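Work through the exercises below with the coordinates open. Each one sets a task and then solves it in steps.

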Amino acid sequence: MALARFGTRLWNSFKASYQAEVTTTLNKYGLKYDDIKVEADDDFKKALSRLTPEEQMLRTRRMKRAFDIDFKGKYLPDDLQKIQKPLEPYAEKLVDDAKARRIERELLNTYK
């Protein structure tokens with residue numbers, strides 16, 4: 001019991017530390033976590049295609065800005081880094097919806 005609590009505390013500590021590091025890195029480039037996810041996942045690709053045109057434009061601009069900043073060897077100014085919300089998801093609901101539709105389609109196609 002005590003060992004399980006220790007393991008949970010250790011894991012939560014590691015998780016918080018890692019999340020802070022990812023947040024700091026994303027803030028430096030002005031990206032959101034959904035921007036850096038691998039697009040090889042079919043559900044994520046489908047979700048990206050279902051983004052609103054405004055969200056697609058914002059995503060494209062964030063990625064172009066990050067490439068530009070990285071190429072120049074600089075980071076986003078501190079005042080802009082402070083207003084970033086990198087862990088705020090914009091595609092999570094769409095990914096869940098795409099995954100649910102895919103699973104439903106697979107289930108319906110199994111019983112032919």
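Helices are DSSP runs of H or I with at least four residues, and strands are runs of E with at least two, numbered from the N terminus. The model is predicted: local features need pLDDT of at least 70, side-chain atom pairs count only at pLDDT 80 or more, and totals for chains, interfaces and linings use all residues. Residues are numbered from 1 along each chain as its sequence is written, and side-chain values use heavy atoms, with hydrogens and water left out.

**Exercise 1. Place Gln 81, decide whether Gln 81 is buried or exposed, and list what Gln 81 touches.**

Step 1. Gln 81 belongs to helix α4.

Step 2. The classes are buried for under 20% relative accessible area, exposed for over 50%, and partly exposed in between, with a 1.4 Å probe and protein chains only. Gln 81 has 16% relative accessibility, so Gln 81 is buried.

Step 3. Contact means heavy atoms within 4.5 Å. Leaving out residues up to four places away in sequence, Gln 81 touches Asn 27, Lys 28, Tyr 75 and Leu 76.

**Exercise 2. Find the aromatic pairs and describe the geometry of Trp 11 with Phe 14 and of Tyr 29 with Tyr 75.**

Step 1. Rings of Phe, Tyr and Trp (its six-membered ring) pair if their centres lie within 6.5 Å; planes under 30 degrees apart are stacked, over 60 edge-to-face, and the rest tilted. Searching the whole structure gives three aromatic pairs.

Step 2. The pair of Trp 11 and Phe 14 is tilted, with 5.8 Å centre to centre and 40 degrees between the planes. These two residues are about one helical turn apart because they are three residues apart in helix α1 (residues 2-29). Trp 11 is exposed because its relative accessibility is 51%.

Step 3. Tyr 29 and Tyr 75 make an edge-to-face pair, at 5.6 Å centre to centre and 80 degrees between the planes. This pair links distant parts of the chain, 46 residues apart: Tyr 29 is in helix α1, and Tyr 75 is in the loop between α3 and α4. Tyr 29 is buried at 18% relative accessible area, whereas Tyr 75 is partly exposed at 48%.

Step 4. Ring pairs also join Trp 11, Phe 14 and Tyr 18 into a cluster.

**Exercise 3. Which charged end sits over the ring of Tyr 75, and where is Pro 77 found?**

Step 1. A charge sits over a ring if NZ of Lys or CZ of Arg is within 6 Å of the ring centre and within 35 degrees of the ring normal. For Tyr 75 the charged end is that of Lys 28, 4.9 Å from the ring centre.

Step 2. Pro 77 is in the loop between α3 (53-72) and α4 (78-82). Its relative accessibility is 42%, so Pro 77 is partly exposed.

Step 3. Pro 77 and Asn 27 are 50 residues apart along the chain, and their C-alpha atoms are separated by 9.6 Å.

**Exercise 4. Describe how α2 and α5 cross and which residues meet there.**

Step 1. Two packed helices are described by the angle between their axes and the distance between the axes. Axes are lines fitted to C-alpha atoms, for helices over the stretch in contact, and angles run from 0 to 180 degrees between N-to-C directions.

Step 2. The axes of α2 (residues 42-49) and α5 (residues 92-110) come within 8 Å and cross at roughly 120 degrees. That makes α2 oblique to α5; angles under 35 degrees are roughly parallel, over 145 roughly antiparallel, 65 to 115 roughly perpendicular, and the rest oblique.

Step 3. From α2, Asp 43, Phe 44, Lys 46 and Ala 47 meet Leu 94, Val 95, Ala 98, Lys 99 and Arg 102 of α5.

Step 4. Asp 43 is buried at 5% relative accessibility, and Ala 47 is buried at 0%.
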